[in-house]
Amino acid sequence: MTATLGHICILLALALAAWGIAAPILHARTGNPGFHASARYAIAGQFVLVTLAAGALIYALVATDFSIRYVAFNTTRNTPVYYRVTGLWGALEGSLLLWEWILIIFSALVAWCYRRRMQEFMPWVLMVFSIVSAFFLLVIAFASNPFETLSPVPADGRGLNPLLEDANMLSHPPLLYTGFVGLTVPFAFAMAALIRGKLDQSWIVATRRWTITAWFFLTLGNLVGAWWSYHVLGWGGYWAWDPVENAAFMPWLPATAFLHSVQVQERRGMLKTWNLLLIIIAFSLTIFGTFLTRSGILSSIHAFSSGPVGFYFLAFLAFVLISSLGLLAWRSDRLRGQPELDSAVSRESAFVLNNVVFVSALFTIFLGTVFPLLSQAVAGVQVSVGAPYFNAVTAPLFLLLVFLMGVGPLIAWRRASWDNLKRNFTWPTVASLAVAVGLFAGGIRSFFSLLGFTLCAFAVWTMVFDTFLSLRARRRQAGEGPLRGLATLVRRNQRRYGGFVVHLGIVLVVLGIAGSMTYSIEREATMSVGETLTAGPYRMTFEGLRGSEQPTHYRVEGTFQVSQNGHALGRLSPTLKFFPAQDSPIGRAVFRSTLKEDLYLILSGFSDVGENQATLKVLIRPLVLWIWLGGVVIALGTLLTILPLGRAARTEA
């Protein structure tokens, strides 16, 4: 009954999506407002039906209804309830249903928020939503059905992939999917603007908060994924340039470039074609990333098993690119005659260079990701591109972006004079060079790390200096103190100061990455009870092994007493988990984080539990904690940017 209900809901939603595509066209031909209204009702109906389908699958997972193949393959009777719920996005079919569910939630929210506004755009915006929704519903209904039944019904299920049994399973996929799907909103408005030929900044203003929200979820999704990799996979790293990691990161690059370049269009009416291209690329990369992770054409620890959906996604990607670029070419005559740059030394030029760097990074990452496919096509052998390529090519580009983060907010619009440059950048430059000298004197000799720290300092000093000048002006004009003046500045210009906070978060992330690449200590030894392993200032004394039976696996923990420079820090217990369906154990590292460094312990192996002999690997990773702190600061800055505050909210209303 559950399977039948879910599948019928998907089919009915597909029918409504088809009407949602036809209704705006009929509205344009006949002028009948009823067709526009019916397009909204089609979105609302899809929302209800897809929500029912998702609820049916969640119910089946929680109730362990093994008559449904998806449930039998992604949960067991012993699986905790919260992991049963995450089974919704634990495999191919359910993840597509989650994607469609989030998509139709966004669609319904947009239809509701703009039910009385943007009426010139809305029929076409809803049509684009229905096109994307129809594609996913088509795939779910006929190529990757999560409600397919199973006979005979097994007594128990197979369970989730063991790597997915982690608390981050509750956050990482939903965050990432929300970021991916959220980019459909600016894409839909961009296509509506092209269809209507209304190519001023009105569609950008309408989608500003939607785009920032999508970027916010995409950023957090990538950072939470890095955190998951760091503490679950047990290899001591947070990013490996894996194809699936790249697929999640690539849309972030054009989306970030878009958020910067639209400011130039809003201020000067420039870069209209470029902004349309960026949002087309960003949305297309979400489809391309889904193709990579669900087609099985590239090997990855993160990828879903291969299925029949790869061709569908490739065909839809081709449709998106041909139709959107065709619309762009069709309206090219209306995109001519834009203002040109007045000077190479201006804020507009800084934003353009910022975009060039983002797109360059995107191209190099895209090339490295698809290179195995190219080598397979040309030479018949898949040749993978490793982390050294990505690090060597992208590190200089990202350092240049950090420098531009410091330059962009302070340099003048249109044309920056020498006095403007000297007034705004002398003190930040001197302070940054002082930081560089201090770091060099402190023993940092790695060129890229030293350069990274210096540029991070430059970006921070420029923000501090700009805020200081603004506070001084508030004191002179209104007699406000520092705190009240800062509150006034933030309330009156949320985008600017929210952007400063986001930039500060990015700086902290870059600081953590640069620090973790400065130096690292690794030690590994096989130890008996009472023996000690030394790594840098830390000493690990082995106290023994213990085994325990868990609901889904057998766990072996090694207990180690840790001290630093003679001071006891407590016990750490890295773990190996043995799952019935797995040939090899799954490791669970433990670590102790400080602002200075992480102490990271991995249980590599052990003898029989009774013999109490274990192989321990110890890693010391500096400044990694700053990456996660940077994520928190980015979240705060994004909220500061998009939440209406006081006078800013009234002004926008």
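These legends go with close-up views of a predicted model.

**View 1. The hairpin of β2 and β3.** Strand β2 covers residues 532-535 and strand β3 covers residues 538-549; the two run antiparallel and are joined by 4 bridges. Pick out Thr532 and you'll find its bridge partner in β3, threonine 541. The hairpin has 2 residues between the strands, and glycine 536 takes a positive phi near 60 degrees there.

**View 2. Two faces of β2.** In a regular strand, side chains alternate between the two faces of the sheet. Here's how that plays out in β2: Leu533 and Ala535 point to one face and are buried. Thr532 and Thr534 point to the other face and are not buried.

**View 3. Glutamate 557 and its contacts.** This glutamate sits in strand β4, residues 554-564. Is Glu557 buried or exposed? Glutamate 557 counts as buried because its relative accessible area is 12%, and the cut-off for buried is under 20%. Setting aside neighbours within four places in sequence, Glu557 is in contact with Gly544, Leu545 and Arg546, and also with Ser573, Pro574 and Thr575.

**View 4. A nonpolar patch on the surface.** Six side chains are worth finding here: Phe363, Leu367, Phe371, Leu374, Val381 and Val383. Together they form a nonpolar patch with about 510 Å² of accessible area. One of them, leucine 367, belongs to helix α14, which spans residues 347-379. Leu367 is partly exposed, at a relative accessible area of 33%.

**View 5. A cis peptide bond before proline 152.** Zoom in on the bond joining serine 151 and proline 152: it's cis, with omega about 0 degrees. Proline 152 is in the loop between α6 (122-143) and α7 (172-182). As background, most peptide bonds are trans.

**View 6. Threonine 64 and its positive phi.** Most residues other than glycine have a negative phi. Threonine 64 goes the other way, with phi near 50 degrees. You'll find Thr64 in the loop between α2 (33-62) and α3 (69-74). Thr64 is buried, with a relative accessible area of 12%.

**View 7. Leucine 271 and its positive phi.** What is the phi of leucine 271? Phi is about 65 degrees, a positive value even though leucine 271 isn't a glycine. The loop holding Leu271 runs between α11 (252-268) and α12 (272-295). Leu271 is buried because its relative accessible area is 18%, with the cut-off at under 20%.

Key:
Residues numbered from 1 in each chain as written. Predicted model: local features only at pLDDT ≥ 70, side-chain atom pairs only at ≥ 80, totals over all residues. Heavy atoms only, no water. Buried < 20%, exposed > 50% of the residue type's maximum accessible area, 1.4 Å probe, protein only. Pairing = 2+ DSSP bridges. Patch = residues over 30% accessible without salt bridge, like charges linked within 9 Å, V, L, I, M, F, W, Y side chains within 5 Å. Areas by Shrake-Rupley, 256 points an atom, 1.4 Å probe, with all protein chains shown as cover. Salt bridge = Lys/Arg side-chain N within 4 Å of Asp/Glu carboxyl O. Contact = heavy atoms within 4.5 Å.
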